[in-house]
Amino acid sequence: METLLHLVATYGLLVVFINVLVDQGGLPLPAYPAMVVTAALAIDRGSAVWPIVPVAMAAALIADLLWFRGGRRFGVRLLRLMCRISLSPDSCVLTTRGMFARWGVPSLMVAKFVPGFAAIATVLAGEARTRLRTFLLFDAIGALLWSGVAVTLGAVFHHAVRDVLGTIEAFGRLGLPLVIAAITGFVAWKAWTRRRFLRALRMARISPVELYAMIEASAAPVVLDVRSPARREATGWIPGAIRVTTLDEARDFSASEVIVYCDCPNEASAAVLAHELRRLGFTRVRPLAGGFEGWRAAGHPVDFADAAAIAH
């Protein structure tokens, strides 16, 4: 454990840079503890803490720029991949995407404080064809606030941090294994949370063929589109589908049957909304199996004239 503390004390800025880069790159290795501890140790040594902020900002901006470029080039395909590998299942569902739809690029200023939102927001910004300088402005502000809060916590509570490190160090050779066990436990908890989340979303789906048959038989249900506005405009939508971004918007469309679709793996956004609508008393609400991509792959018609959309 003494060796680990020595490395942090000696190469703190490098540790912070690598940790932030990995964290913001999508791996479940929280960067906040490293920034807080590095700032606390700097205070104890009488060193300046301000260099930690630009180092953390630089690492965060590098990772975010990669996500942004990926979103611009690959769009929904990258989002779907992120949702499949993410240990934060809420990162691809309605609440998170609704935040970006409502607040747009300025949401990047607080994105890093919201679990599961930072990476998805940068990808959505790229998919929405946000201007690079606009993206960098708001993302830099967000990185500054995020890292600044961590450094401030480390500086203000450096005595408490030192006590915690002293307690860990008192375990001797067991100190490092305990730290590793804590990190492993965190990752396992995130994985268990994701599994429970996906299990909770198991419900009957309607296939694109079934939905098309209902529309052709003039028995079309209310169809809600919970994808991002940029994605809807770029790819079109199921004829008659109404765009919604929040549960409050969706609850206004009462009907005997409601179909919800998105572009997330496992129809996560659609299933979350369907689940919440059921809790509100909607008796017949189902996600569309395969989402919009499944509908389009089946060769069914797609609208591009936004006559059916309802602005909220």
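**Figure 1. A nonpolar patch on the surface of the predicted model.** Patches here are made of residues with over 30% relative accessible area and no salt bridge, and nonpolar side chains are joined within 5 Å. In this predicted model, Val-110, Phe-113, Leu-145, Val-149, Leu-153, Val-156 and Phe-157 form such a patch. Together they have about 590 Å² of accessible area. Val-149 sits in helix H8, residues 132–156. Why can Val-149 belong to a patch? Its relative accessible area is 35%, so Val-149 is partly exposed and passes the cut-off of over 30%.

**Figure 2. The whole protein, for orientation.** The protein has 15 helices and four strands. Of its 312 residues, 45% count as buried. The exposed surface is about 15,300 Å². Carbon and sulfur atoms supply 64% of that surface. Take the contacts between residues at least 6 apart in sequence: 76% of them join residues at least 24 apart.

**Figure 3. The largest nonpolar core.** In soluble globular proteins, nonpolar side chains tend to be buried together. The largest core here has 24 residues. Val-16, Val-20, Met-35, Val-49, Ile-52, Val-151 and Val-161 have the most contacts inside it. Which helices each supply at least two residues of this core? They are H2 (12–24), H3 (32–45), H4 (52–74), H8 and H9 (158–170). A second, separate core holds 18 residues, including Phe-253, Val-260, Cys-262 and Leu-277.

**Figure 4. Contacts of Val-49.** Neighbours within four places in sequence are left aside. Val-49 then touches Ala-39, Ala-42, Ile-43 and Val-151. Val-49 and Val-151 are both among the core residues with the most contacts.

**Figure 5. Helix H11, with a buried face.** H11 spans residues 208–216. Its buried residues are Pro-208, Leu-211 and Met-214. Down the helix axis, these residues fall within an arc of 125°, so they line one face of H11. An α-helix has 3.6 residues a turn, so residues three or four places apart point the same way. The buried residues of H11 pack against strand S1 (222–225), strand S3 (258–261) and helix H15 (291–297). On the other side of H11, Val-209 and Glu-216 are exposed. Ser-218 follows H11 and has a positive phi, near 60°.

**Figure 6. A salt bridge between helices H9 and H3.** Side chains of opposite charge can pair when their charged atoms come close. The whole structure contains seven salt bridges. In one of them, the side chains of Arg-162 and Asp-44 meet at 3.7 Å, N to O. Arg-162 lies in H9 and Asp-44 in H3, so the pair ties together parts 118 residues apart in sequence. Are these residues buried or partly exposed? Arg-162 is partly exposed, at 42% relative accessibility. Asp-44 is also partly exposed, at 30%.

**Figure 7. Buried salt bridges of Arg-286 and Arg-232.** The side chains of Arg-286 and Glu-257 meet at 2.5 Å, N to O. This pair links distant parts of the chain, 29 residues apart. Arg-286 is in strand S4 (residues 285–287). Glu-257 is in the loop between helix H13 (247–250) and S3. Arg-286 and Glu-257 are both buried. Arg-232 and Asp-225 form another salt bridge, at 3.1 Å, N to O. Both of these residues are buried too. Salt bridges that share partners join Asp-225, Arg-227 and Arg-232 into one network.

Key
Residues numbered from 1 in each chain as written. Predicted model: local features only at pLDDT ≥ 70, side-chain atom pairs only at ≥ 80, totals over all residues. Heavy atoms only, no water. Buried < 20%, exposed > 50% of the residue type's maximum accessible area, 1.4 Å probe, protein only. Contact = heavy atoms within 4.5 Å. Areas by Shrake-Rupley, 256 points an atom, 1.4 Å probe, with all protein chains shown as cover. Patch = residues over 30% accessible without salt bridge, like charges linked within 9 Å, V, L, I, M, F, W, Y side chains within 5 Å. Salt bridge = Lys/Arg side-chain N within 4 Å of Asp/Glu carboxyl O. Core = buried A, V, L, I, M, F, W, Y, C linked by side-chain atoms within 4.5 Å. Arc of directions from axis to C-beta.
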